[in-house]
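The exercises below are meant to be worked through with the sequence and the model side by side. Try each task before reading its solution.

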Amino acid sequence: MRYAQIVMGLKDCGKSTYCLLISKYAESKGRKMRIVNLDARTPSVVYDQPIADVRDVITISEVEEAERLSPGTGAGFELTLTYVLDHPEWLFDAIGEVKDGDYIIFDCPGESEYHVHLKTMKVFAAMLVVKNFRTCGVFVRDSRSAINGYNFIASCLTPLTSYVNLSIPHVNLMMKVDLLTDEEKSRLQLFINSDVKDVLRYENSKHRSATDNSLLEGYQELAKICSTAASILEGHNFVRKKYFPIDTRDDNSLKGFLGILDDVMGITED
């Protein structure tokens, strides 16, 4: 059995940094994780030379031209993934012969809206399963965008949609926690540990009692939308409960997250 992480999330949320950190931590524990870069638009990557880099076969100008011709459709992302699906030998020749215990991290473009809606990503995930990979989606969020209760609720919807679309286990990750204040870290942890309806009540009460016009503006409409989102999420608590905050300065948080991934994919010490 081989193993794979499909790392997804918005642009600049910390996906590539996560790939570097988790692979280096695993290496320090005697485990080898190799990285494949699937983002043709990135000018550089923070990790060492990936075993396969889609920029070798798709140029930035090709991606930009595709997006210029079909703006807002994910054409650049579609171009990249379509090439991989049409030329699987490019990918699997780079990965090499099948070895039990192989562990590959796929670093995807920062266009999560396309991951969750387009069929190409679902086909890609299915291809890995066919190739004997036990696969897990890692959905990365910038923790600074989730310290507001309404934003936190919204942040749970995209990974839920991704889970439904890709039909693979998902674990959700909060990066850049080390950039939060202690008060913000406590609030984020409170949101993660609380029922989603309680997060909604907390944010509603804060806005109702506010004297700042910036908090009052649009409050009722936003509260109504988030109430609907909370109702959806109530039936899928695993999305919120599997949010895990990582402090890049703390190896224990990397250890804990790797343990969660191992549990999800059924990896034992043997």
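Helices and strands are here DSSP runs, a helix being H or I over at least four residues and a strand being E over at least two, and they are numbered from the N terminus. The model is a predicted one.

**Exercise 1. The sheet**

Task: State in which order the strands of the open sheet lie, and explain why one side of β3 and of β7 is left without a neighbour.

Solution. Begin with the order, which in this open sheet of seven strands reads β3-β2-β4-β1-β5-β6-β7, with parallel pairing. Next look at the two ends: β3 and β7 stand at the edges with a single partner strand each, and therefore one side of each has no neighbour in the sheet. At one of these edges, two bridges join β3 to β2 in the parallel sense, and Asp53 in β3 is the bridge partner of Asn37. At the other, β7 pairs with strand β6 (residues 170-175) over three bridges, again parallel, with Met174 opposite Pro245 in β7.

**Exercise 2. Two strands inside the sheet**

Task: Determine how many residues of strand β5 are buried, and which residues cover the two faces of strand β2 in the buried state.

Solution. For strand β5 (residues 133-142), nine of the 10 residues are buried, so the strand is largely enclosed by the rest of the structure. Its partners can then be traced: strand β1 (residues 2-9) pairs with β5 in the parallel sense over eight bridges, where Ala4 stands opposite Thr135, and β6 pairs with β5 in the parallel sense over six bridges, where Asp142 stands opposite Met175.

For strand β2 (residues 34-37), Arg34 and Val36 on one side and Ile35 and Asn37 on the other are all buried, and both faces are covered. Strand β2 also pairs with β4 in the parallel sense over four bridges, and Ile105 in β4 is the bridge partner of Ile35.

**Exercise 3. A valine in a loop**

Task: Locate Val54, decide whether Val54 is buried or exposed, and list what Val54 is in contact with beyond its neighbours within four places in sequence.

Solution. Val54 lies in the loop that runs between β3 (52-53) and α2 (60-69). Its relative accessible area is 0%, and since buried means under 20%, Val54 is buried. Leaving aside the neighbours within four places in sequence, the contacts of Val54 are Asn37, Leu38, Asp39, Ala40, Thr80, Val84 and Trp90. As for Val84, it is 30 residues from Val54 along the chain, and the two C-alpha atoms are 8.2 Å apart.

**Exercise 4. The two sides of a helix**

Task: Identify the buried residues of α2 and explain why they are said to be on the same side.

Solution. The buried residues of α2 are Val63, Ala66 and Glu67. They cover an arc of only 95° around the axis, and this puts them on the same side of α2. The general background is that an α-helix has 3.6 residues a turn, so residues three or four places apart point the same way. On the other side of α2, Arg68 and Leu69 are exposed, while α3 (75-86) is included in what covers the buried residues.

**Exercise 5. Aromatic rings**

Task: Say how many aromatic pairs there are, and describe the geometry of Phe106 with Phe124 and of Phe244 with Phe257.

Solution. With ring centres required to lie within 6.5 Å, the count comes to eight aromatic pairs. Phe106 and Phe124 are 5.3 Å apart centre to centre with 85° between the planes, an edge-to-face pair. Phe106 belongs to strand β4 (residues 103-107) and Phe124 to helix α6 (residues 119-130), so this pair ties together parts 18 residues apart in sequence. Both Phe106 and Phe124 are buried.

Phe244 and Phe257 form a tilted pair, at 5.7 Å centre to centre and 40° between the planes. Since Phe244 lies in strand β7 (residues 243-245) and Phe257 in helix α13 (residues 251-265), the pair ties together parts 13 residues apart in sequence.

**Exercise 6. Cysteines**

Task: Explain why the sulfur of Cys108 and that of Cys136 are each too far from the closest cysteine sulfur for a bond.

Solution. A disulfide requires sulfur atoms within 2.5 Å. The sulfur of Cys108 is 8.6 Å from the closest cysteine sulfur, in Cys19, and is therefore too far for a bond. The sulfur of Cys136 is 12 Å from the closest one, in Cys108, which is also too far. A search of the whole structure accordingly finds zero disulfides.

Terms used:
Residues numbered from 1 in each chain as written. Predicted model: local features only at pLDDT ≥ 70, side-chain atom pairs only at ≥ 80, totals over all residues. Heavy atoms only, no water. Buried < 20%, exposed > 50% of the residue type's maximum accessible area, 1.4 Å probe, protein only. Contact = heavy atoms within 4.5 Å. Phe/Tyr/Trp six-rings, centres within 6.5 Å; stacked < 30°, edge-to-face > 60°. Arc of directions from axis to C-beta. Pairing = 2+ DSSP bridges.
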